[in-house]
2 protein chains.
Amino acid sequence: MYSFTEENYLKAIYKLQEQSDVSINTNAIALSIQTKAASVTDMIKKLSDKKLLKYEKYKGVELTKEGKRVALETVRKHRLWETFLHSKLNFTWDAVHDVAEQLEHIQSAELIDKLDEFLGFPTHDPHGDPIPGRNGEIQQSNFILLSEFKVGEKGIISGVVNHSSLFLKHLEKNQLTLGRKIKITEASAFDLSMQIVLDDKNTQQLSHEVARNILVKKTK
Amino acid sequence: MYSFTEENYLKAIYKLQEQSDVSINTNAIALSIQTKAASVTDMIKKLSDKKLLKYEKYKGVELTKEGKRVALETVRKHRLWETFLHSKLNFTWDAVHDVAEQLEHIQSAELIDKLDEFLGFPTHDPHGDPIPGRNGEIQQSNFILLSEFKVGEKGIISGVVNHSSLFLKHLEKNQLTLGRKIKITEASAFDLSMQIVLDDKNTQQLSHEVARNILVKKTK
DNA sequence: AATAATTTTTAGACAAGTCTAAATTATTTT
DNA sequence: AAAATAATTTAGACTTGTCTAAAAATTATT
């Protein structure tokens with residue numbers, strides 16, 4: 001139906017739109033998919049002809065309903081595949097993205113539905129990002145940045161903000177993985193670092209840089 | 001490393017070479033991948049430049065060692081994915097091929113090794129075709145055409161010759177699926193049809209056309 | 001409001017892969 | 001062995017997606 005490349009553009013634009021709310025400009029797209037502005041102009045003309053987005057010269061783009069649908073479907077596929085790679089094939093947290101980036105373009109509605117069922121209809125991928133449903137519904141999660149937590153508060157590690165391999169490897173090395181219980185025992189007013197306890201057992205120190213990239217579901 | 005298209009050509013040539021033993025000509029390749037002879041000429045020039053096959057104008061082609069390696073790797077991927085689709089996602093026998101045709105081009109050695117392990121290192125795909133190993137070794141199977149069987153002989157359905165969706169659906173409808181026990185109870189000298197018993201329970205009549213497309217492992 | 005800086009678009013070229021139609025080469029028939 | 005037929009290759013064009021360099025439009029600065 002839609003090409004590999006078209007899907008990538010739509011996904012990239014969707015993600016930019018999600019973050020910034022204003023209409024998305026050419027340079028931002030070029031940056032996010034590592035290509036040149038001239039190439040972006042060419043492609044958004046094509047996507048505009050196909051009614052996947054609204055485009056006015058020099059004014060940026062906005063996805064149409066159909067464009068958004070395709071983007072969400074691609075995100076759904078990506079996150080389902082990431083879940084498969086992590087929970088069934090034992091890929092590490094940081095290794096799933098690159099392979100899923102390829103798998104997300106396989107064309108078969110049946111495949112995705114069956115994969116979803118096989119995985120037990122997961123709601124979140126291995127990074128804690130929500131997996132859109134068949135009709136594009138996204139379950140809003142009430143995760144809070146760890147850096148917002150006060151001393152004494154507790155929760156469960158549920159997602160990350162930074163998705164870079166470097167960060168994910170760092171977390172894994174320090175056992176800061178999804179599902180772990182976490183409690184704040186100290187917080188420094190000086191460098192904003194915090195002392196935490198994992199699963200009521202291990203104490204460790206986290207920099208602010210780490211804490212502000214971890215999402216936690218608050219518990220009593 | 002190699003493109004989607006290059007892999008498809010190499011796989012097609014490998015399969016033709018497997019069947020016919022002589023050097024493969026342009027038209028045969030064009031027919032097998034549903035393209036035009038002119039396109040084939042262009043591509044085999046390219047593959048020849050890359051040392052994936054030996055090509056002499058008007059004389060046909062032959063895979064090099066590296067070309068064969070790539071072909072076998074692609075076949076391995078295809079058959080592992082078919083196995084996954086059938087045994088884990090419950091795809092029907094005849095539906096696995098088209099999706100596997102896409103999945104076989106995903107680039108990740110780690111993925112294939114982990115998939116292989118996840119599936120329990122299967123030796124045959126859902127059609128009874130052998131799955132090449134990591135180094136391209138193919139386990140030769142001693143399957144015999146059902147049409148060669150004599151009255152009284154027994155075996156286990158282990159593969160098919162015809163891979164068409166139409167044939168596979170026919171088999172499924174008649175419970176002639178992999179693993180079933182089969183015994184020949186009658187054979188007609190007139191139309192070469194046979195009467196068989198499945199799993200010591202159900203009797204049915206098979207046309208010669210069906211029997212000569214089923215592979216059976218003989219048992220005592 | 002004019003100039004400078006930035007962003008975006010256009011123009012033209014390139015690579016991969018495909019195609020049709022015409023020209024070559026090989027094979028078969030007589 | 002010549003003629004007819006079939007197979008293969010070449011030439012040139014097209015599509016998708018990309019790029020660089022230059023031109024045009026927009027935004028920011030003074």
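Visitor: How far is a polar side-chain atom of Thr26(A) from a phosphate oxygen of DNA strand C?

Guide: This is a predicted model. A polar contact is a pair of N or O atoms within 3.5 Å. In Thr26(A), a polar side-chain atom sits 3.0 Å from a phosphate oxygen of strand C. For Asn25(A), the corresponding distance is 3.4 Å. On chain B, an N or O atom in the side chain of Thr35(B) is 2.5 Å from a phosphate oxygen of the strand.

Visitor: Which residues come nearest to DNA strand C?

Guide: There are 21 residues around the strand. Lys45(A), Tyr55(A), Lys57(A), Thr35(B) and Lys46(B) come nearest. Of the strand atoms within 4 Å of the protein, 78% belong to sugar and phosphate.

Visitor: Which helix gives the most to the surface near DNA strand C?

Guide: H3(B), with five residues. Helices H2 (26–32) and H3 (37–49) of chain A and H1 (4–20) and H3 (37–49) of chain B each supply at least two. By class, this surface has eight nonpolar, eight polar and five charged residues.

Visitor: Now the protein pair. How many salt bridges are there between chain B and chain A?

Guide: Zero. Polar contacts do occur: four residue pairs across the interface, both residues at pLDDT 80 or more. The area buried between the chains is about 1600 Å², and carbon and sulfur atoms give 75% of that. Each chain puts 19 residues into the contact.

Visitor: What does the side of chain B that touches chain A hold, by class?

Guide: It has 11 nonpolar, five polar and three charged residues.

Technical notes. Residues are numbered from 1 along each chain as its sequence is written. Chains are lettered from A and ligands numbered from 1 in the order in which they are written. This is a predicted model: local features need pLDDT of at least 70, side-chain atom pairs count only at pLDDT 80 or more; totals for chains, interfaces and linings use all residues. Side-chain values use heavy atoms; hydrogens and water are left out. Contact means heavy atoms within 4.5 Å. Buried area is the accessible area (1.4 Å probe) that two parts lose on being put together, summed over both. A salt bridge is a side-chain nitrogen of Lys or Arg within 4 Å of a carboxyl oxygen of Asp or Glu. A polar contact is a pair of N or O atoms within 3.5 Å; within protein, one must be able to donate a hydrogen and the other to accept it, and residues adjacent in sequence count only if both atoms are side-chain atoms. Ala, Val, Leu, Ile, Met, Phe, Trp, Tyr, Cys and Pro count as nonpolar, Asp, Glu, Lys and Arg as charged, and the others, Gly among them, as polar. A residue is near a molecule or strand if one of its heavy atoms lies within 4 Å of it. Helices (H or I, at least four residues) and strands (E, at least two) are DSSP runs, numbered from the N terminus.
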